[in-house]
Number of protein chains: 2
Amino acid sequence: MPNTRLDAIDRRILAALQRDARLSNVQLAEEVNLSPSPCLRRVRQLEAAGLIRGYHAELDRGGVGLGLTVFVGVKVERHHEAEANAFREAVVALPEVVSAHLVSGESDFLLQVVVADLAAYERFLTGTLLRLPGVSDIRSNFAIQTVKEHGPLPLTRPGGEGR
Amino acid sequence: MPNTRLDAIDRRILAALQRDARLSNVQLAEEVNLSPSPCLRRVRQLEAAGLIRGYHAELDRGGVGLGLTVFVGVKVERHHEAEANAFREAVVALPEVVSAHLVSGESDFLLQVVVADLAAYERFLTGTLLRLPGVSDIRSNFAIQTVKEHGPLPLTRPGGEGR
DNA sequence: ATAAAATTGGCAGAAAATGCCAATGAAGAA
DNA sequence: TTCTTCATTGGCATTTTCTGCCAATTTTAT
């Protein structure tokens, strides 16, 4: 049972849990117009199917002393498979890197880096990032203001695949 | 009581809830070596203090039919306060935009956009983004591979402020 | 229309959440 | 150091929630 198509109730469940992952099953059931039993069963099913990958608390970055977010574009020496792989593995292990994508365009990788302040970023850049295997160029873009963050995925497909 | 400094237990609570926001209070208490009562009190306190901004389910983007992530750099006509404000407000209202930052560097804003596929992105770009107030230039970087996502914030300060 | 299959709602026992209070531990004053 | 004060803890009792099971209902296919 790999891909049982989502119905309207599943989508409402996902939307609700995106918004508030700590809803009790009773509240959730009420919100999607179902009784608790089948509601819980659907949630478990969505988890088992891998559609729900986890539940996370969203923290205030400034509040925990991580006041600086930087988007870092990284070029790796000519995609030499080996270089790129080594870079990938190194990056997932770095706690300061909260997300990393291989992207098209000017840079090869785009990282989101979270640190306490400029001094910490300098340390991270010169002491860690620049020493990673295969790195040939780095462009740092500092987040000056966060306009939107952790927005929910738009589940009411505005014209997507399927059905 | 705005900013009661975090102690080691608070930090462990935050770390645990970042990893799994659906831990029961009993499990959480055990994990941080506290009995359930004070543990719950601390969690409530962290919520009230704004350090915990919410709890969210992390979904599988492909699984919900949103297979394409694009990082979009946007230039706004010369930061004309008015233009930038209008742009900000427009952007937070767009469901396809899951994050948006004002950044230093080549672009003024960096958006993360999630859509079903290239066709949907084309529609979004020409039908929505390019029509926003003050937009003067757009650079689209497509995510080819996700190396790391939703990484936890590094709470064991690797040399940050304070203390 | 009939039959098979999946899904639902309710119930009961087990577990968790939550508010309260006395006891413990830490910080400061004398 | 010793005493006092204040914050925090742990345990208890009540309420709420979770969770597995079964009969009833709805849906799908023939």
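**Entry 1. Arg42(A) and its partners**

I started with Arg42(A) and Asp10(A) in this predicted model; their side chains meet in a salt bridge, N to O at 3.0 Å. I then checked where the two residues sit: Arg42(A) is in helix α3 of chain A and Asp10(A) is in helix α1 of chain A, so 32 residues of sequence separate two parts that the pair links. Asp10(A) came out as buried, because its relative accessible area is 10% and the cut-off for buried is under 20%.

I looked for a further partner of Arg42(A) and found Asp7(A), again a salt bridge, with the closest N and O atoms 3.0 Å apart. Asp7(A) belongs to the segment before α1 (8–19) of chain A, while Arg42(A) lies in α3 (residues 36–48), so this pair ties together parts 35 residues apart in sequence. I noted Asp7(A) as partly exposed, at a relative accessible area of 30%.

**Entry 2. Salt bridges elsewhere**

I ran the search over the whole structure and got 20 salt bridges over all chains. Across the interface of chain B and chain A, I count 6.

I looked up Glu58(B) and Arg53(A), whose side chains meet in a salt bridge at 3.6 Å, N to O. The pair crosses between chains, from strand β1 (residues 52–59) of chain B to strand β1 (residues 52–59) of chain A. Glu58(B) counts as buried, at 8% relative accessibility.

I also followed Glu106(A), which forms a salt bridge with Arg139(B), the closest N and O atoms lying 3.2 Å apart. Both residues belong to a network of salt bridges that links Glu106(A), Asp137(A), Arg139(A), Glu106(B), Asp137(B) and Arg139(B).

**Entry 3. Chain B against chain A**

I listed the contacts and found 69 residues of chain B touching 69 residues of chain A. The area buried between the two chains is about 6500 Å², and carbon and sulfur atoms give 56% of that area. I asked which three residues of chain B supply the most of the area it buries against chain A. They are Arg22(B), His56(B) and Lys148(B), with 12%.

I counted 46 residue pairs in polar contact between chain B and chain A, both residues at pLDDT 80 or more. On the chain B side, the elements that each supply at least two residues are α1 (8–19), β1, α4 (81–92), β3 (97–103), β4 (109–115) and β5 (135–148). The largest share, 10 residues, comes from β5(B). By class I recorded 35 nonpolar, 18 polar and 16 charged residues on this side.

**Entry 4. DNA strand D**

I turned to the protein surface near DNA strand D. The residues around this strand include Ser24(A), Asn25(A), Val26(A), Leu34(B), Ser35(B) and Pro38(B). By class, the surface has 4 nonpolar, 5 polar and 3 charged residues. Elements that each supply at least two residues are α2 (25–31) and α3 of chain A, together with α3 (36–48) of chain B. I noted that α3(B) gives the most, with 4 residues.

I checked which part of the strand faces the protein: of its atoms within 4 Å of the protein, 55% belong to sugar or phosphate and the rest to bases.

I then went through arginine side chains. An N or O atom in the side chain of Arg44(A) is 2.6 Å from a phosphate oxygen of DNA strand D. For Arg42(B), the distance to a phosphate oxygen of the strand is 2.8 Å. Arg41(B) instead has a side-chain N or O atom 3.4 Å from a base oxygen of DNA strand D.

Terms used. Residues numbered from 1 in each chain as written. Chains lettered and ligands numbered in written order. Predicted model: local features only at pLDDT ≥ 70, side-chain atom pairs only at ≥ 80, totals over all residues. Heavy atoms only, no water. Salt bridge = Lys/Arg side-chain N within 4 Å of Asp/Glu carboxyl O. Buried < 20%, exposed > 50% of the residue type's maximum accessible area, 1.4 Å probe, protein only. Near = heavy atom within 4 Å. Polar contact = N/O pair within 3.5 Å; in protein donor to acceptor, adjacent residues only side chain to side chain. Nonpolar A, V, L, I, M, F, W, Y, C, P; charged D, E, K, R; others polar. Contact = heavy atoms within 4.5 Å. Buried area = accessible area lost by both parts, 1.4 Å probe.
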